[in-house]
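User: I am new to this structure and would like a close look at a single part of it. Could you walk me through the aromatic pairs and what surrounds them?

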Amino acid sequence: MSGLPASGKTTAAMRLHAAQGGTLIRSCDVYRDLGIVLSEWVERTRRFTVDVDAYDRVRDDAYVEMARRVDLTLAAGASLAIVDAVHGERDKRGRIYDICRARKAAPILVVCCCDDLEEVQRRFGTRRGREREPQHEASDLSVFRDISRRWQTPLQDVLRDGTRPTALTYDSLTSRAEIVHGALREAVERIRFALMAPGDQVVPMALSDADGSDNQRRAKGP
């Protein structure tokens with residue numbers, strides 16, 4: 001998973017996990033296990049305006065731990081690991097790609113988005129007072145702004161072998177998924193089906209077996 005805060009990553013990850021099984025690794029759970037309380041860092045950094053380097057170090061530690069859990073999961077023979085985190089920086093995604101390469105696993109990006117700022121603000125508002133619940137830890141819009149300034153789009157990622165990882169975008173407002181590039185037809189269709197809103201219909205999407213270059217079309221709703 002990849003996407004800005006309040007883009008629908010956790011909900012999408014839970015849908016995928018419910019439909020496809022596998023191991024679900026959530027950044028919020030890793031933060032909790034490492035004793036990282038995001039609301040306290042919002043205050044300590046004065047909404048990410050001072051002492052940000054200290055927060056960056058603990059945040060980096062959390063991503064290292066997530067990658068370690070992915071590696072252990074794949075090493076144990078799991079057929080699927082779903083990693084629910086922002087993954088907004090290339091180096092953090094690159095660490096996962098390298099693990100997939102070493103474990104002979106295929107990385108698939110599900111990039112979540114919500115382009116309606118009012119809806120993003122509403123989603124943040126629903127989290128206030130619930131910050132101690134891992135999935136609601138990001139309740140201050142400064143978290144959104146801090147992640148936004150770091151953002152490096154995953155849609156241009158290239159793997160070490162020169163190919164691109166299979167990637168889809170998922171609009172959490174409309175429950176629409178769009179293939180960006182990739183050739184894993186069966187996996188993509190399973191993901192699209194799992195992410196559909198109730199009442200949606202599956203619209204077949206033609207995928208190239210080479211690089212997905214002929215698939216720049218949006219999945220249509222009912």
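Analyst: Three aromatic pairs are found in this structure, which is a predicted model. A pair of aromatic rings is described by the distance of the centres and the angle of the planes. Take W41 and Y55 to begin with: their ring centres are 5.7 Å apart and their planes meet at 50°, so this pair counts as tilted. The two rings come from distant parts of the chain, with W41 in helix 3 and Y55 in helix 4, 14 residues apart.

How accessible are these two residues? W41 has a relative accessibility of 10% and is buried, because the cut-off for that is under 20%. Y55 is buried as well, at 3%. Nor do they stand alone, as ring pairs join W41, F48 and Y55 into a cluster.

From here we can step out to the nonpolar core. The largest one has 25 residues, and Y55 and F48 are among those that touch the most other members, along with Y31, L38, M66 and V70. Helix 2 (27-33), helix 3 (38-44), helix 4 (52-75), helix 5 (90-103) and helix 7 (141-150) each give two or more residues to this core. Helix 4 provides the largest share, with nine residues.

V70 is a good residue to follow next. If we set aside its neighbours within four places in sequence, V70 is in contact with I25, V83, I96 and I99. There is also a second, separate core of 15 residues, and its members include A12, V110, V188 and A194.

One more aromatic ring deserves a stop. K92 lies over the face of Y63, at 5.3 Å from the ring centre.

Finally, have a look at two loop residues with an unexpected backbone angle. In the loop between helix 3 and helix 4 you will find R46. R46 is not a glycine, yet its phi is positive, at about 50°. H87, in the loop between strand 2 (81-84) and helix 5, is also a residue other than glycine with a positive phi, in this case near 45°.

Which of these two is buried and which is exposed? R46 has a relative accessible area of 61%, so it is exposed, since the cut-off for that is over 50%. H87 has a relative accessible area of 5% and is buried.

How values were computed
Residues numbered from 1 in each chain as written. Predicted model: local features only at pLDDT ≥ 70, side-chain atom pairs only at ≥ 80, totals over all residues. Heavy atoms only, no water. Core = buried A, V, L, I, M, F, W, Y, C linked by side-chain atoms within 4.5 Å. Buried < 20%, exposed > 50% of the residue type's maximum accessible area, 1.4 Å probe, protein only. Helix = DSSP H or I, 4+ residues; strand = E, 2+ residues; numbered from the N terminus. Contact = heavy atoms within 4.5 Å. Phe/Tyr/Trp six-rings, centres within 6.5 Å; stacked < 30°, edge-to-face > 60°. Lys NZ or Arg CZ within 6 Å of the ring centre and 35° of its normal.
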